[in-house]
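Biologist: I'd like to learn how to read a helix in a model like this one. Could you walk me through it?

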4 protein chains.
Amino acid sequence: MNDTASLRSRVHWWLERPDREAPGPRLLERALIALITLNVAAVILETVDGIYARWQGAFDLFEGISLAIFILEYVARLWSAPEDPRFRSHGRWMLSPVAIIDLLAILPALLVVLVPVDLRILRAFRLLRLLKLTRYSPALGMLLAVFEEEAGAFFAGFFILMVMLVLAASGAWLVEHQAQPETFGSIPAAMWWAVATLTTVGYGDVTPVTVAGKVFGAVITVLGIGMAALPAGILASGLNEQLHRRRSNMQAQFRAALADGFICDAEEREIEALRRSLGLSPGVALQIRQEVEAELHARMGRCPSCGRAVPEPWES
Amino acid sequence: MNDTASLRSRVHWWLERPDREAPGPRLLERALIALITLNVAAVILETVDGIYARWQGAFDLFEGISLAIFILEYVARLWSAPEDPRFRSHGRWMLSPVAIIDLLAILPALLVVLVPVDLRILRAFRLLRLLKLTRYSPALGMLLAVFEEEAGAFFAGFFILMVMLVLAASGAWLVEHQAQPETFGSIPAAMWWAVATLTTVGYGDVTPVTVAGKVFGAVITVLGIGMAALPAGILASGLNEQLHRRRSNMQAQFRAALADGFICDAEEREIEALRRSLGLSPGVALQIRQEVEAELHARMGRCPSCGRAVPEPWES
Amino acid sequence: MNDTASLRSRVHWWLERPDREAPGPRLLERALIALITLNVAAVILETVDGIYARWQGAFDLFEGISLAIFILEYVARLWSAPEDPRFRSHGRWMLSPVAIIDLLAILPALLVVLVPVDLRILRAFRLLRLLKLTRYSPALGMLLAVFEEEAGAFFAGFFILMVMLVLAASGAWLVEHQAQPETFGSIPAAMWWAVATLTTVGYGDVTPVTVAGKVFGAVITVLGIGMAALPAGILASGLNEQLHRRRSNMQAQFRAALADGFICDAEEREIEALRRSLGLSPGVALQIRQEVEAELHARMGRCPSCGRAVPEPWES
Amino acid sequence: MNDTASLRSRVHWWLERPDREAPGPRLLERALIALITLNVAAVILETVDGIYARWQGAFDLFEGISLAIFILEYVARLWSAPEDPRFRSHGRWMLSPVAIIDLLAILPALLVVLVPVDLRILRAFRLLRLLKLTRYSPALGMLLAVFEEEAGAFFAGFFILMVMLVLAASGAWLVEHQAQPETFGSIPAAMWWAVATLTTVGYGDVTPVTVAGKVFGAVITVLGIGMAALPAGILASGLNEQLHRRRSNMQAQFRAALADGFICDAEEREIEALRRSLGLSPGVALQIRQEVEAELHARMGRCPSCGRAVPEPWES
């Protein structure tokens, strides 16, 4: 029993990398990332008839091997989940987002054994394996944090966009449905034009042709594009805010550590740990440090009234 | 008379939710939101000939019931308006924006009884009921605040956009009106191309074909898209500014409450009230609190010269 | 001579409004703005053949009257220019941007008497009168300030855009010139596609058709749109920065005035003057004032360690 | 030997401009910039058949002279590289980015002597000379700094864009491949539509035609455009951040220099050097200086409790 526990702890160490610097788990992680990327590439290429006809055997073999590895990975992660202090039990791990993504990556391929489905359609669902990459991207966590924080603004942005779309489609239907009954014949039909216009995609497959339609289209476009760009703007400025806050977090740490004039070893380790958890590059951290040092030097190093250098507080 | 006053106060309590936590009015509000959404969906679907032909009876019945409810709602709100300290009288409520929207939601359907109008056109005006949703969106208030605050910048942005549109249309007319007399034959006609180009919609139904037209079009596009994006940029950054200010407002409250080292019950209630009035999520509030605590801890907890922990000021 | 000087000073007072509140010059300014707007509308409508054929006499009369007024305005401004402490002499005023715009507004119509030109083309140049509106827009001054401040960033943005355009056009020419010799036959021809793509206008009149062309087009589009949006982004964030700075300028003024606990009449007048010169609305100014007051109250009104209210400093 | 060393130092002084104010090297730099620009213009014009046929001799001569100058420049820079304290040796200079760009500018034209290649294709590679301009643009350095700093956010933005593109293309292929087998027949084929849609280019050469395709297209467009604009938004706000930081850097310098109430000559020189290294215009620097002075005046010049002017600290 002790052996099993020790094996489970070992599997967990290999898969979840609590010690991020260990070379073995690091290699395993990179291999899994490569496998996922290759899987996505394979699914995309399989839809090209010429390529699939020629390499069918290789594709099927690769899919078989990939599926086996992903099943093995899922089982191993499930089994070793109780080692993780965040989950403790198998059930709680199975309900976590990453576990559901892992399950979605293998389920469609397993279902085909039980239910006969069109293989072409099944293939597209194998693309869900792409989502397995989210586990390895620290920056995605930042994006999710932005979504959570700015949820109210996002909801407002999308609500306004919806109102604009409904008003644009209704107006266009009103002025164009007699001239173009096939493309503006109903509000849902006119919605296709409204989406293409307000998002500024502008395919041009459907455009107003009457004078009233063009005037209405021009006015709604000028007024509406600002609205349609709202969610994008909120997302971008929220992300910027996040980056800014992470940086000032780092700055505060440097300032606290430098308050006594130098950074001791323990402080150095603390700063390094914070830098990693915030996902900042060493170059950025160094730049922040120099700024803080320059700022402290300017404040402490010279007498404010005569401008001459004064001895540092710890020298006196 | 006392009974009527008490009934009026009761109706007001149900409709305007002064006590936001009461379950009854909350349910009524949700039911009204659902009814408005269903109305909008019904109007949109009615314009699809196949659907309307088949379900005409159901649509007409639903419209009749909805209209009755909206009339009842309008009368009830009008009658109970004097209960609201913001209005005091029936007349002042009738002139408020939300009351006008409520009236617009029922007026077109009532007019049809008096004046014979094309029912298809009338239908589109029933979409104005969509605006009734603005009453329930706290985030829209923020957007309106942004519009008010940045009014000067918006006006400048739209003025510049208008100048750009006139110059682009005139230039295109000048160089293209001989080659394409039907689409660039006058400045108003060329305006359709100018709007589609400067907003980057770019339908492609009208494009310059002469060399001079293409050169002019390329130059005006490169110079102009920055201008056309101005109102959108002002809106997005204004919204960001608003969010930022609400957050620092919350931060100031936490800092004031934490100045003595802990948050007492009265302060906790004040903070909660502020959080709700600003529309921030509990998660964001918690995060701000932790940041303020960390900041205070860093400032108070350790001696700036030796780095060792010092006793808190209220402990000495 | 004294009479002439006094008349000149009077003309200057009517035209340049040193006393912004006087009702007479204010009315004259509005009349001139209306005249310019009507002129622009007339020029636009004249290009529509049907309208011009029917109302030719009215258009010509209106143009004659407008031209006379603009000439009179130019002469009056030129004559009274020495009254303005910014110019002092006629020559310096004639070289100022507003004077050049005023001259451009009348010159084309005067030239037609001397040189026989196509009247249709001349008409377009009358649109330069639109620029006369810049004199009356305080927000445009802000935009010009942004251009001046961010000149370095703008230059960088446009340089990068130019490099992207040249690279995109050259690449597209390389892979597509054999398949579509008429639209991608030379780099200048391919530039039309590059501009439409990188600015995201995307007319669709010219698109790559070969596989290599589509792959190159997709890659350059994904990489390039960020670059093309740079000048727009710099402009929007620069404008935001300007607004922000004007607001904190106002805030500093309030803080200085409130430092002694109340705002005296002289301070009130200073603040009002600053508010006008910054172009902030009274509502925004009130909001800033309340924020500063709340902040001061929070800092001064309560003891930081016990949380109880303390007497204000000027009460003790 | 001493002569050679002195000549090498002289060549380095002419080419790398350690003394930025010397008129000779400044003129040489401008001549090289003009030569690069003319080269790019020549390559672009040569691809127009009519122009090339007529001026072939002049183009070939210009190319020969340019190539000779660029080879000479490369050799001179290589030879004088050890003078530069950043490189010290020939080898390290050859591996620096600017040296690689310089090599790419001459290599294709040299290769043609050894290997027979299509001259038209070779011509496009001569456009790489455009990149030689990066040496002279200080603003590009700022952009590269933004790329380096926001690398994590960029990677996240591009990863999300890739995921969106793959999901959009797969979904479109799923619902449209039967209706339009030639344009949505495989996921790579559908990718062309996905790129044109999510970047909002929207050529319109390929659009969904089925109802399911239009519904999917509309939903993915509304959700996706915010994602596609992420890299552009990160770039613009990162650039803004950089500008902001440079300005506050300048501000800190002014504040430090003004701490004793006036700016002495040595401080003036320091500030001027900082202004140049940050690439700020003299106008912006002056504005920052006035702001800092106003701020200090407000803080020092009047007593915070009585509002009366107090003597400056160095007067007492």
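Modeller: Happy to! The expected span of a helix is 1.5 Å times one less than its number of residues. This is a predicted model, and helix α9 of chain B, residues 187–198, makes a good first case.

Biologist: What span should the twelve residues of α9(B) have, and how far apart are its end C-alpha atoms?

Modeller: At 1.5 Å a residue, the twelve residues should span 16 Å, and the end C-alpha atoms lie 15 Å apart, so the two values agree. Just after the helix comes T200(B), with a positive phi near 60°.

Biologist: How many residues of α9(B) are buried?

Modeller: Buried means under 20% relative accessible area. Nine of the twelve residues in α9(B) meet that, so the helix is mostly covered. Among them are W192(B), W193(B) and L198(B). The cover includes α8 and α10 of chain B, and also α10 of chain A and α2 of chain C.

Biologist: Now for packing. At what angle do α9(A) and α10(A) pack?

Modeller: At about 60°, with axes 9 Å apart; the two helices are therefore oblique to each other. From α9(A), W193(A), T197(A) and L198(A) meet residues of α10(A) including G217(A), I220(A) and I225(A). The residues of this contact divide into five nonpolar, four polar and no charged.

Biologist: Which elements of chain A have the lowest and highest mean pLDDT?

Modeller: Helix α13(A) has the lowest, 70, and α9(A) the highest, 93. Chain A has a mean of 80, but pLDDT stays under 50 over residues 302–316 of chain A. The model scores ipTM 0.79 and pTM 0.82.

Terms used
Residues numbered from 1 in each chain as written. Chains lettered and ligands numbered in written order. Predicted model: local features only at pLDDT ≥ 70, side-chain atom pairs only at ≥ 80, totals over all residues. Heavy atoms only, no water. Helix = DSSP H or I, 4+ residues; strand = E, 2+ residues; numbered from the N terminus. Buried < 20%, exposed > 50% of the residue type's maximum accessible area, 1.4 Å probe, protein only. Contact = heavy atoms within 4.5 Å. pLDDT = per-residue confidence, 0-100. Axes fitted to C-alpha atoms, helices over the stretch in contact; angles between N-to-C directions. Parallel < 35°, antiparallel > 145°, perpendicular 65-115°, else oblique. Nonpolar A, V, L, I, M, F, W, Y, C, P; charged D, E, K, R; others polar.
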